[in-house]
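Trainee: Got a minute? I've just opened a structure I've never seen before, and I'd like to talk it through with you.
Mentor: Sure, put it up and ask away.

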Amino acid sequence: MNGILIDSSVLLDLLTNDKNWADWSENILEQYSQSNSLFINSMVYTEISIRFKTIEEVDETLTEMGIKVLEMPREALFLAGKVFLQYRKNKGNKTLPLPDFFIGAHALTSNFQLITRDNGKFTSYFPTLRLVTPGTN
């Protein structure tokens, strides 16, 4: 069984019952859960946690969805820093690495595909990352 990393945009679609994207997100997770282990990392956990009152609620929801939380390997953290330097050289105005850099670096260094709807920075800064996006599955 392979692993696949899930971006927060996909989970937030489900948690907010987004009228435009909840169906796509639910279907894509169901499809990929048949042949992959579903993972998020601490950045995604942080981003989705704002929808909950307690840690227990977050953890229970993730368990019900069959999603496990992985720690980011040091290789991913290092790559996220290098990508952030490239972003700054490209005149990016943020002063700290963006969550997308950690998420993309984690997927790439772990040889995971990434399920996301927000592929802009992933495509720009991780051109070899295999993305699952609307229209590509």
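Trainee: Let me start with one residue: does Asn17 count as buried or exposed?
Mentor: Asn17 counts as exposed, with 60% relative accessibility. You'll find Asn17 in the loop between α1 and α2 (22–33).

Trainee: And what's its backbone doing, say the phi of Asn17?
Mentor: Phi of Asn17 is near 50°, which is a positive value in a residue other than glycine. For background, most residues other than glycine have a negative phi.

Trainee: Which loop holds Asn111, and what is its phi?
Mentor: Asn111 sits in the loop between α6 (99–109) and β4. Its phi is positive too, near 60°. Asn111 counts as exposed, at 59% relative accessibility.

Trainee: Before I go further, how far can I trust this?
Mentor: Keep in mind that it's a predicted model. The mean pLDDT of the protein is 94, and 99% of its residues reach 70 or more.

Trainee: Which element has the lowest mean pLDDT, and which the highest?
Mentor: Helix α7 (residues 120–125) has the lowest, with a mean of 90, and β3 has the highest, at 98.

Trainee: OK, on to the sheet. What's the strand order?
Mentor: It's an open sheet of five strands in the order β3-β2-β1-β4-β5, and the pairing is parallel. At the edges are β3 (67–70) and β5 (131–132), each of which pairs on one side only.

Trainee: How many bridges join β1 and β4?
Mentor: Three bridges, in the parallel sense, between β1 (residues 2–6) and β4 (residues 113–115). Leu5 has Leu114 as its bridge partner in β4, and Ile6 has Ile115.

Trainee: And what does Leu5 pair with in β2?
Mentor: In β2, the bridge partner of Leu5 is Phe39. Asn2 is partnered there by Asn36. β1 and β2 pair over four bridges, in the parallel sense. The pairing of β2 and β3 is parallel as well, over four bridges, and Asn41 stands opposite Leu70 in β3.

Trainee: How many residues of β2 are buried?
Mentor: Five of the six, so β2 is largely enclosed by the rest of the structure. β1 is mostly covered, with four of its five residues buried.

Trainee: Now the helices. Which strands does α1 touch?
Mentor: Helix α1 (residues 8–15) packs on the sheet and touches β1, β2 (36–41), β3 and β4. Its direction makes about 70° with that of β1. The buried residues of α1 are Ser8, Ser9, Val10, Leu11 and Asp13.

Trainee: What about α4, which strands does that one touch?
Mentor: Helix α4 (residues 55–65) packs on the sheet against β2 and β3, and its direction makes about 120° with that of β3. Val58, Thr61 and Leu62 are its buried residues. They cover an arc of only 95° around the axis, which puts them on the same side of α4.

Trainee: Why would residues a few places apart line up like that?
Mentor: An α-helix has 3.6 residues a turn, so residues three or four places apart point the same way.

Trainee: And what do the buried residues of α4 pack against?
Mentor: They pack against α1, β2, α3 (42–49) and β3. The face turned away from that buried side carries the exposed residues Glu56, Glu60, Thr63 and Glu64. Just after α4 comes Gly66, with a positive phi of about 75°.

Trainee: Switching topic: which residues touch the most other members of the largest nonpolar core?
Mentor: Ile6, Leu11, Ile40, Phe101, Ile115 and Phe126, out of 39 residues in that core. Not counting residues up to four places away in sequence, the contacts of Phe126 include Leu79, Val83, Phe101 and Leu108.

Trainee: One last residue: where is Asp118 found?
Mentor: Asp118 is in the loop between β4 and α7. Asp118 is partly exposed, with a relative accessible area of 39%. Leaving aside neighbours within four places in sequence, Asp118 is in contact with Asp7 and Ser9.

Terms used:
Residues numbered from 1 in each chain as written. Predicted model: local features only at pLDDT ≥ 70, side-chain atom pairs only at ≥ 80, totals over all residues. Heavy atoms only, no water. Pairing = 2+ DSSP bridges. Helix = DSSP H or I, 4+ residues; strand = E, 2+ residues; numbered from the N terminus. Contact = heavy atoms within 4.5 Å. Axes fitted to C-alpha atoms, helices over the stretch in contact; angles between N-to-C directions. Buried < 20%, exposed > 50% of the residue type's maximum accessible area, 1.4 Å probe, protein only. Arc of directions from axis to C-beta. pLDDT = per-residue confidence, 0-100. Core = buried A, V, L, I, M, F, W, Y, C linked by side-chain atoms within 4.5 Å.
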